[in-house]
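Visitor: Welcome me in, please. I would like a friendly tour by question and answer.

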Amino acid sequence: MTNPEVPDPVVRTAAGSVRGRAEDGLTVFRGIPFAEPPVGEARFAAPRPARPRAGIREAYAFGPPPPQDMGVAGPPGALPEGDDWLTVNIWTPAPDPAARRPVMVWIYGGAYKLGHSGSPGYDARRIAEDGDLVVVTLNYRVGMEGFAHIEGAPANRGLLDQVAALEWVRDNIAAFGGDPDLVTVFGESAGAGSVASLLAMPRAAGLFHRAIAQSVPGTFFSDALARDVGTVLAAELGLRPTVADLAAVDPAELVKAGQTLAPRMPQYVDRWGQAAPTVTPYSPVVDGDVLPVTPWQALASGASRDVDLIVGHNRDENRLFTAMAGKLGQIGDERASKALRLYAPGGEAAYRAAYPDASANDLYERVQTDWLFAMPSLHLAEAHLAGGGRSHVYELTWSAPGSGGALGACHALDVPLLFGTFQADLGLLLFEGAAPSAEALALASRFRSSWTSFARTGDPGWPAYDTERRLVQVLDAEPVVTPYPEEASRRLWEGYEFAALPLLG
């Protein structure tokens, strides 16, 4: 709620002055461009700094989302339109340059094909209030605009957008009351994959000082796989995967190409292997330049060893996807065996031996949770430790109340808990629109307290992970610190390398 008695504050940035609004004890700025619109001659190019503007820009409304399938983000009519896709939003207790509060920069998830910082689920006011710090959210290009391999364009354009936003934070955040020398990046799912990528990217070095990665996906594409997927995507439009062919194509048509291909990806399993059943044709590309090596390789070699890390996952990650497919609890033995053969590092027999009492449905859930999120997250912590860094590990085991608790501690449950946005976006599914219980509110407060304490001091309130005790924070109705609970899976995946996914043929 705005306060009519408080004048709207004006802050000067490198590209000109912006006017925010006083809302509920905070000052909020929305839709500030950190880069020029990536259209016209700039289509598929690396982001270019926002040009200076005369006068005062009203920073009252979120910028338009990058082109994408908006199916899960609300009706198109409710969203701003335009090509100023690359913007930041800021929640600050006070835009006082002398305050130098810690800064947290949020990177949204969405399978590298969805998401925008104006989603109601990413309203950051509770984090800024509870932590007495500055929160920044940002837009980055997704889908073909941001991640498809296109000849003549840099790889990982979405990641380059994130770097550009962090450079904007470095150069401007002090005027909003933030400390550019105390920046924490945090993100979930594809946002966590982005955080992991930033830890490995030379271009991002020095732009942040702590990192939080919630449910890191293990899917990174090799250059060869990215090229092949890009060729198939462009072929959906009858074109070649080149800037010359694609630069004049309406962004909405590129979105449709991805939508058309996604459900048919399993047909390419002989060529794309483990990437095919994910039904998302986009991931960061280990191209040797923007992303020289995988995050696990980079951290194990000491990259970002001075950046403290929180990394973790939810116990039942994959259950969200089976629920959304209408298959919750209905996976039979044939489908489970197929998943085990494709993903289990020791083969199907190893998982069945490790989990002798598990049903086919449970084995299917377990191996996909392990492959896609749980083990990549744990291995990132161990790689960081091996490279001389410090990691704090967590697992969320509290069950979402939606669907009578059948969703368990599924993927993305941590987002409405962290932001306190129980009745927005996926929170509507996970909490079924009901008011959160006292238990949920207490856990949400614990999330924010740990995350903001880490951003301020580097200590989230539980011990750093090591390979002897393996202590992690288990987040539940009664949070406890205990040895990593998924020991059977940890042993199955011990020594496994999360390499860039190859092109098989």
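Guide: Gladly, and we begin with surface: the protein exposes about 18,500 Å², by the Shrake-Rupley method with a 1.4 Å probe and only the protein chains shown as cover for residues. This is a predicted model, where local features need pLDDT of at least 70, side-chain atom pairs count only at pLDDT 80 or more, and totals for chains, interfaces and linings use all residues. Residues are numbered from 1 along each chain as its sequence is written, and side-chain values use heavy atoms, leaving out hydrogens and water.

Visitor: What share of the exposed area do carbon and sulfur atoms supply?

Guide: The total to divide is about 18,500 Å². Carbon and sulfur atoms supply 52% of it.

Visitor: Which radius of gyration does the protein have?

Guide: The radius is taken over C-alpha atoms, and the globule rule is 2.2 Å times the number of residues to the power 0.38. For 505 residues, a compact globule would come near 23 Å, so the protein agrees with its 22 Å.

Visitor: What percentage of the residues count as buried?

Guide: Buried means under 20% relative accessible area (1.4 Å probe, protein chains only). Of the 505 residues, the buried share is 58%.

Visitor: Which helix gives the largest nonpolar core its largest share?

Guide: A nonpolar core joins buried Ala, Val, Leu, Ile, Met, Phe, Trp, Tyr and Cys residues through side-chain atoms within 4.5 Å. Of the 150 residues in the largest one, Phe208, Trp272, Leu417 and Trp451 touch the most other members. The largest share, 13 residues, comes from a helix (a DSSP run of H or I, at least four residues, numbered from the N terminus). That is helix 13, residues 360-386.

Note on methods:
Buried means under 20% relative accessible area, exposed over 50%, partly exposed in between (1.4 Å probe, protein chains only). Helices (H or I, at least four residues) and strands (E, at least two) are DSSP runs, numbered from the N terminus.
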